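Please look through the structure below slowly, and then follow the explanation, which moves from the interior to a sheet and on to the places where parts meet.

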Amino acid sequence: MAKRDRLSGNEAVAVAMRQINPDVVAAFPITPSTEVPQYFASFVADGKVDTEFIPVESEHSAMSACIGAQAAGARTITATSANGLALMWEMLYIAASSRLPVTLAAVNRALSGPININNDHSDTMGARDSGWIQLYGENNQEAYDNLIQAVKIGEHPDVMLPVMDCYDGFITSHAVENIELLEDDEVKAFVGEYNPDFYLNDRENPISVGPLDSVSHYFEHKRLQAEAMKNAKKVILEVAAEFEKLTGRKYGLFEEYMMEDAEIAIVVINSTAGTAKEVVKSLRAKGVKAGLIKIRVYRPFPVDEIVKALKKVKALAVLDKCDSFNAAGGPLFTDVTSALYGRADGIKVINYIYGLGGRDVKTDDIEKVYERLADIAKTGSVGEIYNYFGVRE
Amino acid sequence: MAYNLKEAVKRPERLTGGHRMCAGCGAPVVVRTILRAIKPEDHAVIGSATGCLEVSTCLYPYTAWKDSFIHSAFENAGATISGAEAAYNVMKKKGKIKGDIKFIAFGGDGGTYDIGLQSLSGAMERGHDMVYVCYDNGAYMNTGIQRSSATPTFADTTTSPAGSVIPGKTQLKKDLTLIMANHNIPYVAQSAPIGNFKDLHEKAEKAIYTPGAAFLNVMAPCPRGWRYDTPMLMQICKLAVDTCIWPLFEVENGKYKVNYKPKNKLPVEEFLKVQGRFRHMFKKGNEWMIEKFQKDIDEKWEMLLKLEG
Amino acid sequence: MRRKLKLSLDSDVTWKEISPGGVISEAGNAEKFKTGDWRSIRPVWIVEKCTQCMLCFPVCPDSSIPVDAEGKRTEFDFDHCKGCGVCAQVCPFDAIEMTEN
């Protein structure tokens, strides 16, 4: 039986963690993710979970302890943001290559410098090639639902990869919204027990983890890791289907909003989708064939599915809440355009960098993007590909 | 149970041959001794910081470890093993593990005194039931003998070369054992491979079976980096303790005990002169270096005796 | 159902068969790797002089002085002994001599 509540994104994620009842949580405070371990520590203090909580002295140690715990046979969760994720960097790669399905609540915040505590996606976007599965959520409900699914996805025998549950700092993490929660026993049954085939704490079958891997075998290990990421797509959909049966809430690789007959569209990630949907709605009311795609699964990147969804679009804008500093375009833009290349070549695609360091995203800004797309669709003339909105010119 | 070498040798060998450490390396000697202190019926989960020990003992598809072993990175052996220990506590509580598991992390001086100090400090402060063992060979040997904060003053390394202007490493060696003692953990000790290995074995046993966090700092000579005649491993260690350059002591619940006080405290030259890394100290005109080295060691030794009270 | 982790020691193992994450499930299999051929000098155990004091045993970096069930040392493990000579140095009875390999 679902129950309605009003929670912030962080609190919802902490509740999901309590319901999952992981074996180990190791975390370090950093705004805006701090509340996650904070709420969770009180669950531990009040005996509401069986978890060993490790209040580590840094995020590097948080991920290191998670790796040690997960390798030892424990289901492990952590949370962080921005510089904390950056400090984990080395260990992100090691968690993935060691095939340890650690779960991480990644509360998106601008990565220094200069230091800024507000939301953009420069933290997790930088980790896009670390070998982690990345799920993104628009609001507290999705952050909650994605965390529960993340555990099951990562631990699937065909995957065995760590998963990030990414959601926007403050906008989602701190804003209180209505939410539908599962019952504790429903979550427990959904995630099941973590029973890895091999783990350090298996007295009867000792193993060695993290060897020096030389020229003779390293490449084969990386190739196998790449295959796990390919397998993840199927598993993510299977888990979503099972989750839908339980909750009625439908999840895919991305959400298509009014895309059936869309001629102009944007691709966007996280909370901005909420704002942009309002714009699409008002454009539709005016007869404009506007649509939107909100990415949920960014790693693995759903190439074929995105192409299929965008095939009929004439002009497309990809919105990146993160710059790549490559003098060419943001990360999502790069992924979308390389997906389209050779598969749907006729589509005109432009890129907007927006919202850096928590800069407000206004419906006006997004309307202007659609206006420009309408113009491109009409004239066929693209103009500048790499653009910004919301910055003072 | 009192230490008896003839009994100790009957314990199972937990580190096999076939690892790739250099001939005569002190580190595997230290590791074998520490692992012999584990009761035969207990399983161990062993971690290692990146370094000689790690890359030489666990090189895919081979492992020299009979127990479970994990390496994740250079600066985090403390945190990694603390995670495994936390996992054990929960799994044991849930009835998923029968029998006992002991948790031991190894790191060289680079991985312990320097890059791994924060992770070590955190793990010890949190009081995980684990032992962190530093095998101190006084430099980054795995990457080719670069100076660390454990390198002794004046030692010639590839990043503190004894040049015509700068005479090797100019700084004092960091006193890590005392830093760890000030973490107020139940057991801290400094040891070395000496004689019949009583000192190291007993300290390892205490460290492993004292509930809570324990730290061992163990001298592990490196023939390549120290440039001494390889078979001299045990003589070098003996000279280190007889000159009081590497005192054997322990701190049990805050109480200091110096385990060995040489009747005839040897001059530091005895230790320095057999190693190529200190050769420049014996050149004419460099007598001041030996004098300074002796003075520093004497002061440290006096301080340690005072701590013992 | 416990899945089998295939640990192939062959250098021609394919990516489909290799152990995920590089996990090594055969504890202590480094014994199969022979480091004995690193040796340029070799220890000779002179049984008549040996008193079984066991001081040589703990100084071996390569775990190459095997001990039998009674706790007595036996012949060197020449598959792994690298010929460092530390054992010969510590023997109080000159029961180990280093000779050309």
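**From the core outwards**

The largest nonpolar core has 239 residues, and A:Leu310, A:Leu316 and B:Ile34 are those with the most contacts inside it. A nonpolar core here is a set of buried Ala, Val, Leu, Ile, Met, Phe, Trp, Tyr and Cys residues joined through side-chain atoms within 4.5 Å, where buried means under 20% relative accessible area, exposed over 50% and partly exposed in between, with a 1.4 Å probe and protein chains only. Helix 8 of chain A (residues 218-247) gives the most to this core, namely nine residues; helices (H or I, at least four residues) and strands (E, at least two) are DSSP runs, numbered from the N terminus. Domain 1 (3-247) and domain 2 (254-389) of chain A both give residues to this core, so it lies between them, the domain bounds coming from an automatic or database domain assignment.

This is a predicted model, in which local features need pLDDT of at least 70 and side-chain atom pairs count only at pLDDT 80 or more, while totals for chains, interfaces and linings use all residues. Residues are numbered from 1 along each chain as its sequence is written, chains are lettered from A and ligands numbered from 1 in the order in which they are written, and side-chain values use heavy atoms, with hydrogens and water left out.

Turning to the sheet, nine strands form an open sheet with mixed pairing, in the order 9(A)-4(B)-1(B)-5(B)-6(B)-8(B)-7(B)-9(B)-10(B), and two strands pair if DSSP finds at least two bridges between them. Strand 9 of chain A (208-209) and strand 10 of chain B (255-258) stand at the edges, each with a single partner strand, so one side of each is left without a neighbour in the sheet. Within the sheet, strand 6 (residues 131-136) and strand 8 (residues 214-219) of chain B run parallel and are joined by six bridges, and B:Asp136 stands opposite B:Met219 in strand 8 of chain B.

Where the two chains meet, 44 residues of chain A are in contact (heavy atoms within 4.5 Å) with 47 residues of chain B. The rule finds three salt bridges across this interface, a salt bridge being a side-chain nitrogen of Lys or Arg within 4 Å of a carboxyl oxygen of Asp or Glu. B:Lys94 forms a salt bridge with A:Asp23, and their closest N and O atoms are 2.6 Å apart.

Inside chain A, the centres of domain 1 and domain 2, taken over C-alpha atoms, are separated by 28 Å. The contact takes 31 residues from domain 1 and 25 residues from domain 2 of chain A.
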